[in-house]
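Could you walk me through this structure, one selection at a time? I have the viewer open and would like to know what to pick next and what is there.

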Amino acid sequence: MKPIRVWLTPTIPNPWKVVLRPPFINLNPNASVPAIEDPNTGVVLWESGAIVTYIIERYDKDLKLTYPDDRVQDKHALNQWLHFQMSLQGPFYHQAGWFNFLHPEKIASVQERFNNECKRQLGVLNGVLEGKEWLVGEKMTYADLSFVPWNDILHQCIPMAAEDRFKEFPNVQAWHERMTSRDSWKMIADARKKAMEEQDLAWTGMPKGMPTYQEYLDKIAKGEDTRVST
Ligand SMILES: N[C@@H](CCC(=O)N[C@@H](CS)C(=O)NCC(=O)O)C(=O)O
């Protein structure tokens with residue numbers, strides 16, 4: 001079996017669940033990452049949730065991270081949580097990060113709106129995880145794993161110390177650590193760190209030393225080298 005090719009930018013969370021220039025937009029007209037190209041089937045896909053669903057359906061033949069069709073409730077509950085992650089966690093954490101850290105103006109009411117919504121979602125997860133190890137059924141599934149990359153950088157979306165990020169949500173913290181202590185996550189975290197170091201990127205996704213997002217965009221628009229000499 002040939003390896004699936006994934007396009008990504010290393011600092012950004014969504015690609016780690018599974019470059020805005022041609023030929024990339026030939027693959028993804030929305031010019032976002034992740035996108036995959038599977039040489040085994042010729043399938044090209046973007047939108048991380050659709051990619052996760054494809055990989056599970058096509059490659060998780062032993063149902064290690066999902067449930068069989070006859071567990072109708074559980075199988076659809078997994079899809080429900082993936083939709084929750086895709087439509088709420090991803091977009092709200094993303095916008096919280098943007099308005100707290102990258103947006104040129106600080107607009108308190110907007111920051112508050114996104115921060116509160118992220119916390120509300122964490123409260124929902126914390127409640128559902130009370131007395132349970134996993135979101136659905138008796139084992140870890142793709143639904144649980146889909147929440148890890150954004151939760152891992154919650155402190156880069158809402159300003160706070162990394163170690164305090166789940167202070168109000170102990171069930172979420174235990175669930176998150178149950179997953180991030182696994183070798184598979186450690187491997188991903190190492191690959192991400194290495195890719196960021198190689199490309200000299202700061203945690204914001206911009207080259208280290210880039211003062212503002214606008215200056216970064218201006219340099220890209222002018223076709224200038226975006227690396228900042230230190
Ligand atoms: N709903 C999409 C969101 C994709 C998305 O917005 N990706 C952002 C990063 S998280 C992106 O590609 N930004 C442009 C860039 O990183 O160059 C998904 O989950 O795949």
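**Stop one: the cysteines**

Welcome to the tour; what you have on screen is a predicted model. Begin by looking for disulfides: the structure holds zero of them. To see this up close, select Cys 118, which is in no disulfide and has the sulfur of Cys 157 as its nearest cysteine sulfur, 6.6 Å away. Why does Cys 157 have no bond to Cys 118? A disulfide needs two cysteine sulfur atoms within 2.5 Å, and because the sulfur of Cys 157 is 6.6 Å from the closest one, in Cys 118, the pair is too far apart for a bond. Now colour both residues by accessibility. Cys 118 is buried, with a relative accessible area of 0%, and Cys 157 also counts as buried, at 2% relative accessibility.

**Stop two: the ligand**

Next, select the ligand and show its surroundings. You should find Thr 9, Ile 12, Asn 14, Ser 32, Val 33, Pro 34, Glu 47, Ser 48 and Met 86 around it. Sorted by class, this shell has four nonpolar residues, four polar ones and one charged residue.

Which polar atoms should you pick out here? Try these three:

- Val 33: a polar atom of its backbone is 2.7 Å from an oxygen atom of the ligand.
- Glu 47: an N or O atom in its side chain sits 2.8 Å from a nitrogen atom of the ligand.
- Ser 48: a polar atom of its side chain lies 2.7 Å from a ligand oxygen atom.

Then switch on the ligand's surface: on its own, the ligand has 510 Å² of accessible area, and the protein covers 77% of that.

**Stop three: the domains**

Finally, zoom out and colour by domain. The assignment gives domain 1 as 5-59, domain 2 as 72-181 and domain 3 as 185-221. Put a distance marker between the C-alpha centres of domain 1 and domain 2, and you will find them 22 Å apart. Where these two domains touch, ten residues of domain 1 are in contact with eight residues of domain 2.

Terms used: Residues numbered from 1 in each chain as written. Predicted model: local features only at pLDDT ≥ 70, side-chain atom pairs only at ≥ 80, totals over all residues. Heavy atoms only, no water. Near = heavy atom within 4 Å. Polar contact = N/O pair within 3.5 Å; in protein donor to acceptor, adjacent residues only side chain to side chain. Areas by Shrake-Rupley, 256 points an atom, 1.4 Å probe, with all protein chains shown as cover. Nonpolar A, V, L, I, M, F, W, Y, C, P; charged D, E, K, R; others polar. Buried < 20%, exposed > 50% of the residue type's maximum accessible area, 1.4 Å probe, protein only. Domains from an automatic or database assignment. Contact = heavy atoms within 4.5 Å.
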